[in-house]
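Work through the two exercises below. Try each task before you read its solution.

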Amino acid sequence: MTVRFDAVTVDWFGLATVRIEGQTGAVVYIDPGPKEYGALDGLEPRDGDLILVSHDHHYDPDSIRRVAREDALVVVHESIDASEIDRVEEGPDDLPFDVERVGTDESFVLGPLDLFTTPAYNDPDGPHTDDDGRPYHPEGEGCGFGVTVDGVTAFWPGDTDVLPVHEDVPVDCFLPPIGGTFTMDRHEAAALAARIEPDLVLPVHYGTFAAIETDADAFVVDVARRGVPVVLDE
């Protein structure tokens, strides 16, 4: 299902793979892949002007090639290192596209698009840690992305806990992860949505595999009861 919101359309393909298209034709993909989760099975649109990759778990060269135009700009978090990822051999700098590495608190103007990044991580003293007490996403190894397309700012916070910085983010369309385990869960995401008051919430990063299964319908009810517009793309 394609979600239409103001001057943009948004499609969620699974995990964190999102496509945003503006009325003027600009196309942005957020975290395409990894391919083993099947988000882009049967698809090879190659229409993306801007490809955003938040951290190593979502970095997949094959998926980037499926969605990117020949002249696309690929923006990846500075920590991504293919030598540390078992399933890939090709690093971002080896891709046949213009590639920019970004940190966790930057902003850019990219032609008609505005882009900013935010920190994304799990608190080592919080619930999203492994059996050894290590955060699944350590601080400094990923980011969130905000992108403004035709006047609409969409914000994907990345694989992260709720962080204080999120409360000050300008956002029209909020794309929170709600699967829990590795990120904020549906309850935390709903409470955050109520505090930042976006014009629309479209949850992602849930249901792709067992560890991030959640009750998306309950999330919708929770957010709607807080007076925030919300929709599912299923």
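**Exercise 1. Decide how Glu167 should be classed: buried, partly exposed or exposed.**

Solution. This is a predicted model.
Step 1. Take the relative accessibility of Glu167, which is 38%.
Step 2. Compare with the cut-offs: buried is under 20%, exposed is over 50%, and partly exposed is in between.
Step 3. Glu167 therefore counts as partly exposed.
Step 4. Place Glu167 in the chain. It sits in the loop between strand E11 (152-156) and strand E12 (173-174).
Step 5. Look for its partners. Leaving out residues up to four places away in sequence, Glu167 touches Arg195 and Ile196. With Arg195 there is a polar contact between the two side chains, at 2.6 Å.

**Exercise 2. Find which residues of helix H3 (residues 216-225) are buried, and explain why they are on the same side of H3.**

Solution.
Step 1. List the buried residues: Ala216, Phe219, Asp222 and Val223.
Step 2. Check their directions. They cover an arc of only 115 degrees around the axis, so they lie on the same side of H3.
Step 3. Recall the general rule. An α-helix has 3.6 residues a turn, so residues three or four places apart point the same way.
Step 4. Ask what the buried residues pack against. The partners are helix H2 (186-196) and strand E13 (200-201).
Step 5. Turn to the face of H3 that points away from the buried side. Asp217 and Arg225 are exposed there.
Step 6. Finish with the ends. At the N-terminal end, Asp215 caps H3, with a side-chain oxygen 3.3 Å from the backbone nitrogen of Asp217. After H3 comes Gly227, with a positive phi near 85 degrees.

Note on methods
Residues are numbered from 1 along each chain as its sequence is written. This is a predicted model: local features need pLDDT of at least 70, side-chain atom pairs count only at pLDDT 80 or more; totals for chains, interfaces and linings use all residues. Side-chain values use heavy atoms; hydrogens and water are left out. Buried means under 20% relative accessible area, exposed over 50%, partly exposed in between (1.4 Å probe, protein chains only). Helices (H or I, at least four residues) and strands (E, at least two) are DSSP runs, numbered from the N terminus. The arc is that of the directions from the helix axis to the C-beta atoms. Contact means heavy atoms within 4.5 Å. A polar contact is a pair of N or O atoms within 3.5 Å; within protein, one must be able to donate a hydrogen and the other to accept it, and residues adjacent in sequence count only if both atoms are side-chain atoms.
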